[in-house]
Amino acid sequence: MQIPYLVRMAPGGGDNETYNQSDETTSTSGFQIQNPKQKKQDMIFEILREVGKVVDGKKTQNIAIIGPPGVGKSSTINTIAAAFSDKKWREHAYSGFHGGDNKQVTYYTKSYQKHKYLEDRVYSEYCMPTFIDIAGFQNEENETIEEILRIVFFGRLPEEESLKDAMEEKERNGIEGLKQKYLQNKEELKVDRIIFVASATENVPKQLISCVIKAARPSGGEKAKGKRVIPIFGVLTKCDKVDLDGDAEAQERENEFIEALGLRGSTNRYMRCENYCDDVDKKHGIDRTEQLNYNIDLNVLKFMTQLCDPVYEVYSKDQEYEDTFKNQKPLPVQTIGQRSPEPAIRQPDLDIEQTLPSINLLIICAIKGALIAVLLFWFLSPQIDTTDLSNICVKHDSYKGMPNYNMPELDKICAKKHEITSRPLIPPLICFIVVIVGTDFFVPQLFRIIGVQ
């Protein structure tokens, strides 16, 4: 394993593994550490050991960053990336807020895989986590937010799709329509860890935290069995703006945050965070685009050793989103964007006697056919008087012997005079009755029989 600036000593003595380090060092917990830079690399070594290598069949963990708008979710991703860098801070995730009113700049779901936030090629062979930056949720507790969070945690919210789209879908088609739409998506980024981010300068978003816990940790006795349970971690940002050790109000706010997340007694899953930002640069007198702050980096890496520890498992990790509807009425499959169709009603099993034509229905069909036949016969009959046609043919016959008189067309008409003047009604009447009865009765009966079988 080639990790720069690290000298690792086997516990209890033994040969040293040397990685580009020849300066004098001092021993701490089995490691020879000269300075914060080497300590940083030491902690990175431990994280890489925890996540394992791709060739060993290890799985990359997907970590969702959840919180209200403007608390520093994207900044946290950038700070984590800087903690793994030996060069400088870079803005991998677009961060900041508009005009001091805490309006967020992240409006879409976006994932950051290791190749996006880790620059050193040494990380390419390790299963470093993928961070999922989610647009901020308002501090509300309702069924809609809870279901959208569940959609996010099951990896059904596509990248670069906004929460607004999901909200609008719920407004149009209700909560069942919302489930139906995202049920069609593949589970691309199924969440394995959740980092809830809150600000030390703002009230604790207890309602949103409650929704996250309900979506990530289903409860309810028998109903909760087999449900997916995701480990939750907490990050309190903007700690540089308050005195968490001396300010009673700030301490109370921190305690409320820890309590709401259920981390009381498990603060190893909690971090006071000082993100790289303009205010922190001023406080420490550095420029983050040119120089790293090891106090920030070491704090973040300590948290990352807990976050990446494989001891934190997802219970029922193979559960799928549709399994959350197990105790509900099944949703019919439909095309995305369509409204939920009415549930199909299965026809009851039919006895063969039920498919036979009834006398009343046959009579109605026959009368319909007869009426249509009479009407068509009336309207399609030639509009010519029988007497007039007979007189014309008599005169035509008397003129046949005269010279220069030749009318072969009239010969044909007079030859069919009887057919023209005495057109029968019975044949078309029979034909129409057969057609009407067949199309109105027997064809539907045939379809019913096929459908039942």
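**Exercise 1. Helices H4 and H5**

Determine how H4 and helix H5 are oriented to each other, and which residues make their contact.

Solution. In this predicted model, H4 and H5 (residues 163–183) pack at an angle of about 85°, and their axes lie 10 Å apart. Angles from 65 to 115 degrees count as roughly perpendicular. H4 and H5 are therefore roughly perpendicular to each other. On the H4 side the contact is made by Glu 143, Thr 144, Ile 145, Glu 147, Ile 148 and Ile 151. H5 contributes Leu 163, Ala 166, Met 167, Lys 170, Ile 175, Leu 178, Lys 179 and Tyr 182. Sorted by class, the contact of H4 with H5 has 9 nonpolar, 1 polar and 4 charged residues.

**Exercise 2. Helices H4 and H6**

Classify the packing of H4 and H6 by angle, give the handedness of the crossing, and list the residues that meet.

Solution. Start with the geometry: H4 (residues 143–153) and H6 (residues 206–216) pack at an angle of about 50°, with 9 Å between their axes. Angles under 35 degrees count as roughly parallel and those from 65 to 115 as roughly perpendicular. The angle of about 50° therefore makes H4 and H6 oblique to each other. The crossing of these two helices is right-handed. Next come the residues: Ile 145, Glu 146, Leu 149, Arg 150 and Phe 153 in H4 meet Leu 208, Cys 211, Val 212, Lys 214, Ala 215 and Ala 216 in H6. By class, the contact of H4 with H6 has 8 nonpolar, no polar and 3 charged residues.

**Exercise 3. Strand E5**

Describe which way the residues of E5 point, and find the strands to which bridges join E5.

Solution. In a regular strand the side chains alternate between the two faces of the sheet. In E5, Asn 62, Ala 64 and Ile 66 point one way, while Ile 63 and Ile 65 point the other way. Is E5 (residues 62–66) mostly covered or mostly open? The strand is mostly covered, with 5 of its 5 residues buried. Now take the partners. E5 is joined by 4 bridges to strand E9 (residues 130–133), and the two run parallel. Within that pair, Ala 64 stands opposite Ile 132 in E9. A further 4 bridges join E5 to strand E10 (residues 193–199), again running parallel. Here Ile 65 stands opposite Ile 195 in E10.

**Exercise 4. Helix H2**

State how many residues of H2 are buried, and name some of them.

Solution. H2 (residues 73–83) is mostly covered: 11 of its 11 residues are buried. Among them are Lys 73, Ser 74, Thr 76, Asn 78 and Ile 80. For the background, buried residues make up 43% of the 453 residues in the protein.

**Exercise 5. Lys 400**

Locate Lys 400, and work out its exposure and its contacts.

Solution. Lys 400 lies in the loop between helix H11 (386–399) and helix H12 (408–415). Its relative accessible area is 46%. Buried means under 20% and exposed over 50%, so Lys 400 is partly exposed. With its neighbours within four places in sequence left aside, Lys 400 is in contact with Tyr 405 and Asp 411. Lys 400 and Asp 411 are 11 residues apart in sequence, and their C-alpha atoms are 9.7 Å apart in space.

**Exercise 6. The whole protein**

Summarise the helix and strand content and the sequence range of the contacts.

Solution. The protein has 14 helices and 12 strands. Of its contacts between residues at least 6 apart in sequence, 74% join residues at least 24 apart.

Terms used. Residues numbered from 1 in each chain as written. Predicted model: local features only at pLDDT ≥ 70, side-chain atom pairs only at ≥ 80, totals over all residues. Heavy atoms only, no water. Axes fitted to C-alpha atoms, helices over the stretch in contact; angles between N-to-C directions. Parallel < 35°, antiparallel > 145°, perpendicular 65-115°, else oblique. Left-handed = near helix turned anticlockwise from the far one by under 90°. Contact = heavy atoms within 4.5 Å. Nonpolar A, V, L, I, M, F, W, Y, C, P; charged D, E, K, R; others polar. Buried < 20%, exposed > 50% of the residue type's maximum accessible area, 1.4 Å probe, protein only. Pairing = 2+ DSSP bridges.
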